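Here's a quick walk through the model below, starting with one pair of residues and working out to how the chains meet.

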Amino acid sequence: MSPISRGFRGRRRDDVDAARIPPGQYVTHDFPVLSAGPTPHTPLAEWTFTIRGAVDEPRTWTWEELNALPRETVTKDIHCVTKWSKLDTVWTGVSVDTLLDGVDTTAEYVVAYSDGGYTTNLPLEDVRDGKAWVAYSYDDEPLDPEHGGPARLLVPHLYFWKSAKWVRGLELRQDDEPGFWESYGYHNYGDPWKEQRYAGD
Amino acid sequence: MERTAVRGRLTWQLATVVELIAETPRAKSIVFDVPDWPGHRAGQHVDVRLTAEDGYVAERSYSIASAPDDEHLMLTVERLDDGEVSPYLTDELRPGDQIELRGPIGGYFVWEQSLGGPVFLVAGGSGVVPLRAILRHHAAIMSDVPARLLYSARTLEDVIYRDELEHYDVRITLTRERERRRIDRELLAEVGWPPVERPLVYLCGPTAFVEAAADALVGLGHDPMRIRAERFGPTGK
Amino acid sequence: MTALDGNAIGGLLHDVFGGEMTDALGVCAHCGRSAQVAETIVYLRGPGTVARCPHCANIVMVFVERRGVTCVDLLGLSSLVAR
């Protein structure tokens with residue numbers, strides 16, 4: 001190991017229940033902003049969210065329509081593959097179950113796609129049954145653009161790169177299609193509790 | 001220093017803190033003894049690596065504040081209140097402490113006599129650090145190339161190297177007191193050389209500052225190929 | 001995060017390529033324009049480090065560190081020439 005820097009600790013908290021922290025993670029106070037590109041700024045008047053792909057008919061909601069859907073506020077721990085975890089984060093948004101309500105599909109996979117070209121893939125069952133949201137509010141405030149606002153996907157049981165910022169829709173698919181970070185060698189599924197960071201883990 | 005001084009393997013070295021100098025309320029210079037330091041070119045930077053007892057590692061880049069002609073390697077670090085590394089460097093380090101660093105790094109944002117001029121240095125905040133190295137080197141070699149610094153800081157007490165800068169051709173503009181003037185197209189035109197003189201421009205500071213200054217200079221007619229930029233950010237570089 | 005530029009990955013590039021690369025000249029595979037590596041727009045500290053063409057903003061380089069080994073994707077460049 002490298003020489004120790006006397007007195008250096010970084011910004012981590014250590015006063016947390018270790019059982020809440022997946023292997024290899026550090027707990028942080030703040031909310032790091034990580035991105036692969038510039039922050040998009042789609043005007044809300046042009047913003048839509050779409051369910052498309054292996055469905056009879058695509059469904060689209062405008063910003064107003066999305067905000068009119070039943071909303072939930074949830075408190076979740078989130079885990080980034082870059083090793084920081086943030087506990088008890090509070091989000092408000094629409095459950096993906098609400099968005100998929102009544103959708104008939106044989107699809108087993110989804111690709112979430114975002115402004116700016118980002119994508120991430122998940123098994124369809126991982127965005128169902130109370131496991132995923134399209135979140136537009138963080139900590140009781142409108143979601144900041146640098147954190148994915150106006151809306152991001154929230155899938156807290158997986159590494160946070162699966163919670164696509166600036167999400168604009170879900171494409172339902174019969175076959176799996178690796179998304180952005182998955183194509184660059186990150187794990188296809190990404191379970192933090194099994195430390196599935198990279199392909200092959 | 002010659003180019004050969006910066007080729008070769010970039011390995012992590014242990015640097016020992018020799019002296020700490022409080023430059024401003026927020027900025028501290030740290031003087032290091034680095035036994036195998038190969039020398040550097042004015043404008044280059046180093047990567048610094050800190051390791052906590054539990055193995056946690058943080059890495060940041062810092063511009064070299066010292067000139068190649070100076071005896072010791074010196075970095076100047078601005079403390080970011082919510083920073084992870086900078087408060088450690090500015091508040092915790094003591095003479096005798098050791099940190100790991102590797103360098104020198106950089107082949108683009110450098111100045112030496114052979115590059116000519118006139119040299120127009122434009123600094124936003126802590127962006128003045130590598131430009132100070134350039135000015136010190138320029139003075140040490142008694143270069144006949146004209147060189148000038150335009151430096152934007154918040155307040156007078158935020159001006160780093162304030163006494164030393166009086167020895168150079170420097171224009172300081174304060175944004176929160178006195179003239180309350182940001183570096184804009186007019187000020188760049190007023191202080192800098194006109195495009196016909198083809199100055200070699202070095203811009204350094206926060207990304208928004210650098211991009212605004214670059215746009216303004218190109219708008220004034222300067223050749224983009226004669227403008228070099230180094231963006232600083234909250235990650236330390 | 002605020003983007004930085006290719007200067008910020010000078011150390012990483014030195015590790016990967018074995019020499020100074022910030023002044024290397026790259027040609028963007030998407031728009032065909034060239035720029036020095038130091039002029040690329042860089043997004044750090046994510047799952048990977050992404051460098052984008054300063055002209056067209058398409059991705060030119062991606063670096064992913066996987067347990068001490070750096071994986072490099074340069075498909076966004078049609079050429080890269082070190083000085």
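Let's start small: Val27(C) has Ser34(C), a residue of β3(C), as its bridge partner. Keep in mind that this is a predicted model. That residue pair belongs to a bigger arrangement, in which β2 (residues 25-28) of chain C is joined to β3(C) by 3 bridges, with the two strands running antiparallel. As background, strands in a sheet pair through backbone hydrogen bonds, and they can do so in parallel or antiparallel fashion.

Zoom out a little and you get an open sheet of 3 strands in chain C, ordered β3-β2-β8 and paired antiparallel. Which strands sit at the edges? Those are β3 (34-36) and β8 (77-81) of chain C, each of which pairs on one side only. On average, neighbouring strands of this sheet are turned by 20° against each other, ignoring direction.

How confident is the predictor here? Chain C has a mean pLDDT of 95, with 99% of its residues at 70 or more. For the model, the scores are ipTM 0.96 and pTM 0.94.

Now for where chain C meets its partner. On the chain B side 19 residues are in contact with chain C, and 19 residues of chain C take part. Three strands of chain B, β3 (45-51), β6 (98-105) and β11 (227-232), each put at least two residues into the side that touches chain C. The top contributor is β11(B), which gives 3 residues to that side.

Chain B also touches chain A, and that contact takes 14 residues from chain A and 18 residues from chain B.

Chain B itself splits up too: its domain assignment gives domain 1 (3-105) and domain 2 (113-232). The C-alpha centres of these two domains of chain B are 23 Å apart. Where they meet, domain 1 of chain B brings 18 residues to the contact and domain 2 of chain B brings 13 residues.

So what kinds of residues make up these contact sides? Here is the breakdown by class for three of them.

| Contact side | Nonpolar | Polar | Charged |
|---|---|---|---|
| Chain B, touching chain C | 6 nonpolar residues | 7 polar residues | 6 charged residues |
| Chain A, touching chain B | 5 nonpolar residues | 4 polar residues | 5 charged residues |
| Domain 1 of chain B, touching domain 2 of chain B | 7 nonpolar residues | 6 polar residues | 5 charged residues |

If you have the viewer open, two spots to look up are the Val27(C) and Ser34(C) pair and β11(B) on the side of chain B that touches chain C.

Terms used
Residues numbered from 1 in each chain as written. Chains lettered and ligands numbered in written order. Predicted model: local features only at pLDDT ≥ 70, side-chain atom pairs only at ≥ 80, totals over all residues. Contact = placed C-beta atoms within 7 Å. Helix = DSSP H or I, 4+ residues; strand = E, 2+ residues; numbered from the N terminus. Nonpolar A, V, L, I, M, F, W, Y, C, P; charged D, E, K, R; others polar. Pairing = 2+ DSSP bridges. Axes fitted to C-alpha atoms, helices over the stretch in contact; angles between N-to-C directions. pLDDT = per-residue confidence, 0-100. Domains from an automatic or database assignment.
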